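Hi there,

I'm passing this structure on to you, as promised. Have a look at it first, and then read on for my notes.

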Amino acid sequence: MTPVTCFAGRKVALFGLGGSGLATVRALLAGGADVLAWDDSPESTGRARDQGITVFDLHDADFSDFSALILSPGIPLTHPAPHWTVERAGAAGIPVIGDIELFCQERRAIAPGAPFVAITGTNGKSTTTALIAHILASAGRDVQMGGNIGTAILSLAPPAPDRIHVVELSSFQIDLTPSLDPGIGILLNITPDHLDRHGTLAEYAAIKARLVAGADLAIVGIDDDLSRAIADAVTGPRVAVHVGTPPAGFDGFFARDGTVFGADGAPIADLAGIGSLRGAHNWQNAAVAAACVRALGVSEAELVAGLRSFPGLPHRMEEVGRRGRVLFVNDSKATNADSAEKALTAFHDIHWILGGKAKEGGIAPLAPLFGRVAHAYLIGAASDAFAATLEGRVPYTTCGTLAAATAMAAEAASASEAVEPVVLLSPACASYDQFRSFEDRGDQFRNLVRALP
């Protein structure tokens with residue numbers, strides 16, 4: 001835990017008692033704050049009471065008694081309308097902040113300058129966060145990883161001069177962190193997302209830009225127009241990262257055809273054969289990670305060793321097994337067409353398992369990649385709609401269940417004459433028609449593969 005001492009002896013309100021909210025309450029109490037915590041969910045307040053946390057209905061509170069409102073990132077700050085606690089805080093003239101802000105304030109108080117890497121982006125931030133942490137840990141560094149990737153930041157060990165915090169941040173978390181000041185700030189990319197919570201794409205991009213604007217060193221992917229404009233506006237030290245042939249005068253890191261090149265244009269890492277880093281999107285992740293860890297003093301040899309031993313993240317193009325020539329890949333995290341595109345681009349001779357609760361637009365945007373698919377196996381509620389899209393373009397079988405699809409795909413792939421046929425679960429759909437979550441769907445696929453003859 002990182003005890004939060006910056007509110008010692010003061011009263012604060014906290015709304016949102018999920019995992020990060022509970023961790024924040026414990027950290028504030030450990031640092032000597034007086035916390036009144038609440039949640040609209042009776043289940044959440046009950047769980048907090050069971051853990052010995054004092055719960056108080058903030059509807060009945062005088063917000064002028066508080067020094068701050070600590071808000072969980074899932075609670076609307078501005079759009080579609082400010083949460084009622086935000087309006088009460090505004091009327092009382094107190095700041096509305098989140099757990100990342102508390103960490104930043106504590107870092108400045110107890111270990112100013114302690115290594116702090118913050119990563120954001122619309123796509124790839126979890127993989128890049130995990131990859132950076134893995135390379136640093138494999139090189140023998142003391143690493144703490146958390147934030148949006150899983151472990152609440154205040155549940156991590158406190159900042160220290162020889163301890164590196166590697167933290168994934170969502171736009172919601174950045175929006176609640178007015179003094180965000182990482183040692184290294186990383187922006188991967190920006191595409192339209194969460195506009196229901198931020199209003200416009202311009203506002204979403206402006207929030208993402210704050211992460212690198214406050215960093216001692218900014219590392220920015222420049223493969224989209226919005227990120228490129230943000231990189232150009234950085235006034236302090238920065239490293240640009242590009243995928244493809246770099247433009248004239250480019251002096252950053254780049255990745256091309258599965259090789260990562262350093263700022264001097266020399267190759268520093270070959271990604272060929274690293275199953276967890278297939279595809280151009282992962283080349284960007286690797287190039288960004290290389291720029292980051294090299295700035296932290298990791299040697300080229302340590303970088304290469306860390307890249308080669310990276311296991312990847314569960315449910316994100318996760319290689320879950322082989323049967324002879326057939327590779328089985330769990331990409332259950334692909335809950336829409338944009339996500340599934342990454343996997344379809346990374347493989348050939350694909351036996352594609354897809355379906356579930358369809359998102360708007362279905363799989364029509366993936367039509368240019370249908371030539372990579374040997375056969376499609378349809379499951380769940382989207383089967384009829386997806387069959388209509390595939391008709392005449394991709395052979396398909398309506399299987400109904402994941403178990404039936406996995407068995408049929410495995411049999412067909414093993415009979416294929418391809419060098420490396422791939423059975424790919426990349427559903428392009430939400431999971432809720434048949435599964436508890438995309439993790440449940442991916443876990444079941446992994447178990448089905450392991451049970452194959």
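Below is what turned up, going from the strands and helices to the empty spaces and one single residue. Please keep in mind that this is a predicted model.

**The four-stranded sheet**

Let me start with an open sheet of four strands, ordered β2-β1-β3-β4 and paired in the parallel sense. Its edge strands are β2 (34-38) and β4, each of which pairs on one side only. Inside the sheet, strand β1 (residues 11-15) runs parallel to β3, and three bridges join them. If you want a spot to click on, Ala-13 has Leu-69 in β3 as its bridge partner. As a general reminder, strands of a sheet pair through backbone hydrogen bonds, either parallel or antiparallel.

**Strand β7 and its neighbours**

How much of β7 is buried? Six of its six residues are, so β7 is largely enclosed by the rest of the structure. Both of its faces are covered: Arg-163, His-165 and Val-167 are buried on one side, and Ile-164, Val-166 and Glu-168 are buried on the other. You will notice that Arg-163 and Glu-168 belong to this buried set.

β7 has pairing partners that you can follow residue by residue. With β5 it pairs in the parallel sense over four bridges, and Ala-118 has Val-167 of β7 as its bridge partner. With β6 it also runs parallel, this time joined by six bridges, and Val-143 stands opposite Ile-164 of β7.

**Helices α5 and α4**

Helix α5 (residues 125-138) has 14 residues, and at 1.5 Å a residue it should span 20 Å; its end C-alpha atoms are 20 Å apart, so the two values agree. Is the helix enclosed or open to the outside? Eleven of the 14 residues are buried, so α5 is largely enclosed by the rest of the structure. The buried set is Lys-125, Ser-126, Thr-127, Thr-128, Thr-129, Ala-130, Leu-131, Ile-132, Ala-133, Ile-135 and Leu-136. These residues pack against the strands β5 (116-120), β6 (142-147), β7 (163-168) and β8 (184-187), and against the helices α10 (280-295) and α11 (300-308). Just after α5, Gly-140 takes a positive phi of about 90°.

Helix α4 (residues 99-110) passes the length check too: twelve residues at 1.5 Å each should span 16 Å, and the end C-alpha atoms are 16 Å apart, which agrees. Its buried residues are Asp-99, Ile-100, Glu-101, Leu-102, Phe-103, Cys-104, Glu-106 and Arg-107. Their cover includes the helices α1 (19-30) and α6 (171-175), together with the strands β3 (69-71), β4 (96-97), β5 and β7. β7 therefore appears in the surroundings of both helices, among the elements that pack against α5 and among those that cover α4.**The cavity**

A search of the whole structure finds one cavity of 30 Å³ or more. In general, rolling a probe the size of a water molecule over the atoms shows where empty space is left. The volume of this largest cavity is about 50 Å³. What lines the largest cavity? The residues are Leu-14, Phe-15, Gly-16, Ser-20, Gly-21, Thr-24, Ile-70, Leu-71, Ser-72, Pro-73 and Asp-99. β1, α1 and β3 are the elements that give two or more residues to this lining, and α1 gives the most, with three. By class, the lining has five nonpolar, five polar and one charged residues.

**The second largest pocket**

The second largest pocket has a volume of about 230 Å³. Its lining is made up of 16 residues, and Gly-273, Leu-277, Arg-278, Gly-279 and Ala-346 lie nearest the centre. Two or more lining residues come from each of β14 (318-323) and α12 (337-346). The lining divides into six nonpolar, five polar and five charged residues.

**One last residue: Ala-412**

Ala-412 sits in helix α14 (residues 402-414). Its relative accessibility is 30%, so Ala-412 counts as partly exposed. Leaving aside residues up to four places away in sequence, Ala-412 touches His-351 and Tyr-377. The C-alpha atoms of Ala-412 and His-375 are separated by 8.6 Å, with these positions 37 residues apart along the chain.

Happy exploring, and all the best!

Terms used:
Residues are numbered from 1 along each chain as its sequence is written. This is a predicted model: local features need pLDDT of at least 70, side-chain atom pairs count only at pLDDT 80 or more; totals for chains, interfaces and linings use all residues. Side-chain values use heavy atoms; hydrogens and water are left out. On a 1 Å grid over the protein atoms alone, a cavity is a set of points where a 1.4 Å probe fits but cannot get out, and a pocket is an open set with protein on both sides within 12 Å along at least five of seven lines; lining residues have an atom within 4 Å of a point. Grid points are joined across faces, edges and corners, and a volume is the space filled by probe spheres set on the points. Ala, Val, Leu, Ile, Met, Phe, Trp, Tyr, Cys and Pro count as nonpolar, Asp, Glu, Lys and Arg as charged, and the others, Gly among them, as polar. The expected span of a helix is 1.5 Å times one less than its number of residues. Buried means under 20% relative accessible area, exposed over 50%, partly exposed in between (1.4 Å probe, protein chains only). Contact means heavy atoms within 4.5 Å. Two strands pair if DSSP finds at least two bridges between them.
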